[in-house]
Amino acid sequence: MIRRQLTVKLREGVHLRVATAIVELVEQHRADVVFEHQSQQANARSAIELLALGLVPGAEVELRAEGPDEALVMGTLIRLLGDGASGR
């Protein structure tokens with residue numbers, strides 16, 4: 001399992017188009033991905049769950065990925081959301 005703390009760098013935060021892109025990305029890989037923000041968790045295969053987190057610019061979020069493609073999907077998500085990521 002890989003965990004990363006990330007600061008959302010997107011100018012408009014995670015809105016519907018971004019959430020949809022995340023879902024499409026995760027569905028192409030063999031890894032389970034969970035976003036956690038302020039004690040709420042969202043499965044990255046659900047755009048509605050991602051939107052419910054309310055990830056605005058500057059929001060701190062923890063990403064967790066587990067599975068054969070965990071490193072690949074994590075690296076791609078970090079590039080998509082911004083590079084304010086740190087290992088943990």
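A residue counts as buried when its relative accessible area is under 20%. By that cut-off, five of the seven residues of strand 4 are buried in this predicted model, so the strand is largely enclosed by the rest of the structure.

**Strand pairing**

Strand 4 (60-66) pairs with two other strands. Strand 1 runs antiparallel to strand 4 and is joined to it by six bridges; in this pairing Arg 3 stands opposite Arg 64. Strand 2 is also antiparallel to strand 4, with five bridges between them, and here Val 33 has Ala 65 as its bridge partner. Strand 2 in turn pairs with strand 3 in the antiparallel sense. The table lists these pairings.

| Strands | Sense | Bridges | A facing pair |
|---|---|---|---|
| Strand 1 and strand 4 | antiparallel | six bridges | Arg 3 and Arg 64 |
| Strand 2 and strand 4 | antiparallel | five bridges | Val 33 and Ala 65 |
| Strand 2 and strand 3 | antiparallel | four bridges | His 37 and Gln 40 |

Strand 2 covers residues 32-37 and strand 3 covers residues 40-43. The hairpin they form has two residues between the strands, and Gln 38 takes a positive phi near 50° there.

**Nonpolar core**

In soluble globular proteins, nonpolar side chains tend to be buried together. The largest nonpolar core of this model has 28 residues, and Ile 22 and Phe 35 touch the most other members. Strand 1, helix 1, strand 2, helix 2, strand 4 and helix 3 each supply at least two residues of this core. Helix 1 gives the most, with six residues. Leaving out residues up to four places away in sequence, Ile 22 touches Phe 35 itself, along with Val 14, Ala 44, Leu 50, Leu 77, Leu 80 and Leu 81.

**From strand 4 into helix 3**

The loop between strand 4 and helix 3 contains Pro 68. Exposed means over 50% relative accessible area, and Pro 68 is exposed because its value is 62%. Although 67 residues separate Pro 68 from Met 1 along the chain, their C-alpha atoms are 9.6 Å apart.

Helix 3 spans residues 70-81 and includes Glu 70. Glu 70 is buried yet has no salt bridge. The nearest side chain of opposite charge is that of Arg 4, at 8.7 Å from Glu 70. A polar atom of the Glu 70 side chain does lie 3.0 Å from the backbone nitrogen of Gly 67. Apart from neighbours within four places in sequence, Glu 70 is in contact with Met 1, Ile 2, Ala 31 and Ala 65. Of these contacts, Ala 65 is the strand 4 residue that bridges to Val 33.

Notes
Residues numbered from 1 in each chain as written. Predicted model: local features only at pLDDT ≥ 70, side-chain atom pairs only at ≥ 80, totals over all residues. Heavy atoms only, no water. Buried < 20%, exposed > 50% of the residue type's maximum accessible area, 1.4 Å probe, protein only. Lys, Arg positive; Asp, Glu negative; His and termini not counted. Salt bridge = Lys/Arg side-chain N within 4 Å of Asp/Glu carboxyl O. Polar contact = N/O pair within 3.5 Å; in protein donor to acceptor, adjacent residues only side chain to side chain. Contact = heavy atoms within 4.5 Å. Pairing = 2+ DSSP bridges. Core = buried A, V, L, I, M, F, W, Y, C linked by side-chain atoms within 4.5 Å.
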